[in-house]
Amino acid sequence: MELLNIRGALERDNNFAVSIPVRNEERRLPATLDALSTAIRAVPGKGCAIFVLNDSIDRSGEVIERWAQLTDLPTLVVEVAFAPTIRNAPHCRRLALDIGARAAPFGALFTSDADTKVGGRWIESGLQSLSDGYDLVCEDVLLDDEELAALPRQVREVGDTERAYFDICDRLWRYWTYERAGTLALRPSGASIMMKTTAYLAIGGLPTPGMGEDRALCEKMAASKYAIKALENIGTRTSARITSRASGGCGDALADRANSTDPMCDSRLKPVWLLYDEAARWLKVHKCPAPGSHAIPKTSGPLTFVAVQRELEIARKLASACGLTNA
């Protein structure tokens, strides 16, 4: 990594630090920064913002610097050039969060994306959840509705079907495990994550796979027995563009949904039979009476849109049979 430039300065002992990775986002940054200003003004306390520009060649740094001068918020802009093997969002976010951890060592860390408009209560809601005893908070982030409307209708249909299937599977999971196993699956997004700095440091910082650092962070926190909250949508909206800044990221997934006749869905989704099997095995491990058993193989590949539509109908019938009328 080569350090190219540093602008601004930070003090220690902040109540919270906002860490955002940036790469060539000059056009989208004004809306992102306006939304961040609103969220920051909604809370008292000492806060700061860190932006790490990863191999950026536009005027993103100047946009952020002008914003910092207008808002009078302590802001640090770090411009770096990463080696090709680590030239990605996870390493950029990791650096931003590591700096944030030094600025708020006993406070809270927030992270979002440079193409995202956080909700007006983003920081307020995060701080409240952390003060309630949670160590990591993940918001259920939605796509920007105006940008989504400009894409083929199938893109929205896939997202809506995924969300419906996630929700009904969570209800079935809770029912089959007698409400003892907790939430089935979190949907972390780098566009909206909040956590205690002490917990972040205790797990050794942000994991840095080639992509999916948000999910890896959540899994590492869970494995370390930290309390995790799935925060309902509080207004954060992220870009629905199909030209991705990172290979394998959201933009690539949206492009697939826009162009494929049967696009792939979220890899965390699984068939209903496998969900039931996992619930039975969870109960067995935890010495609870199982709700039954079956001999279906315990393997399943990723689901496509058509497959998720089919599984959703099965799940709805099962939920109705179980008396989960709201499903």
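**Strand E4 and its sheet: questions and answers**

Visitor: How many bridges join strand E2 to E3?
Guide: In this predicted model, strand E2, which covers residues 16-22, runs parallel to E3. One pairing along these strands sets Ala17 against its bridge partner in E3, Cys48. The bridges that join E2 to E3 number seven.

Visitor: In which order do the strands of the open sheet stand?
Guide: Eight strands form this sheet, and their pairing is mixed. E1 and strand E10 (228-231) each have a single partner strand, so one side of each is left without a neighbour in the sheet. From one strand to the next the twist averages 15°. The order is E1-E4-E3-E2-E5-E9-E7-E10.

Visitor: Which residue of E4 is the bridge partner of Leu53?
Guide: Strand E3, residues 47-54, is joined to E4 by six bridges, and the two run parallel. E4 is also joined by six bridges to strand E1 (residues 2-8), but here the strands run antiparallel, with Leu3 standing opposite Val80. On the E3 side, the partner of Leu53 in E4 is Glu79.

Visitor: Through which helix does the chain cross from E3 to E4?
Guide: The crossover is of the β-α-β kind and is right-handed. Its helix lies across E1, E2, E3 and E4, running at about 170° to E3. The helix, made of residues 60-71, is H2.

Visitor: How many residues of strand E4 are buried?
Guide: In a regular strand the side chains alternate between the two faces of the sheet. In E4, Thr75, Val77, Glu79 and Ala81 are buried on one side, while Leu76, Val78 and Val80 are buried on the other. Of the seven residues of E4 (75-81), the number buried is seven.

Notes. Residues are numbered from 1 along each chain as its sequence is written. This is a predicted model: local features need pLDDT of at least 70, side-chain atom pairs count only at pLDDT 80 or more; totals for chains, interfaces and linings use all residues. Side-chain values use heavy atoms; hydrogens and water are left out. Buried means under 20% relative accessible area, exposed over 50%, partly exposed in between (1.4 Å probe, protein chains only). Helices (H or I, at least four residues) and strands (E, at least two) are DSSP runs, numbered from the N terminus. Two strands pair if DSSP finds at least two bridges between them. A crossover is right-handed if, with the strands pointing away from the viewer, the path from the first strand over the helix to the second runs clockwise. Axes are lines fitted to C-alpha atoms, for helices over the stretch in contact, and angles run from 0 to 180 degrees between N-to-C directions. Contact means heavy atoms within 4.5 Å.
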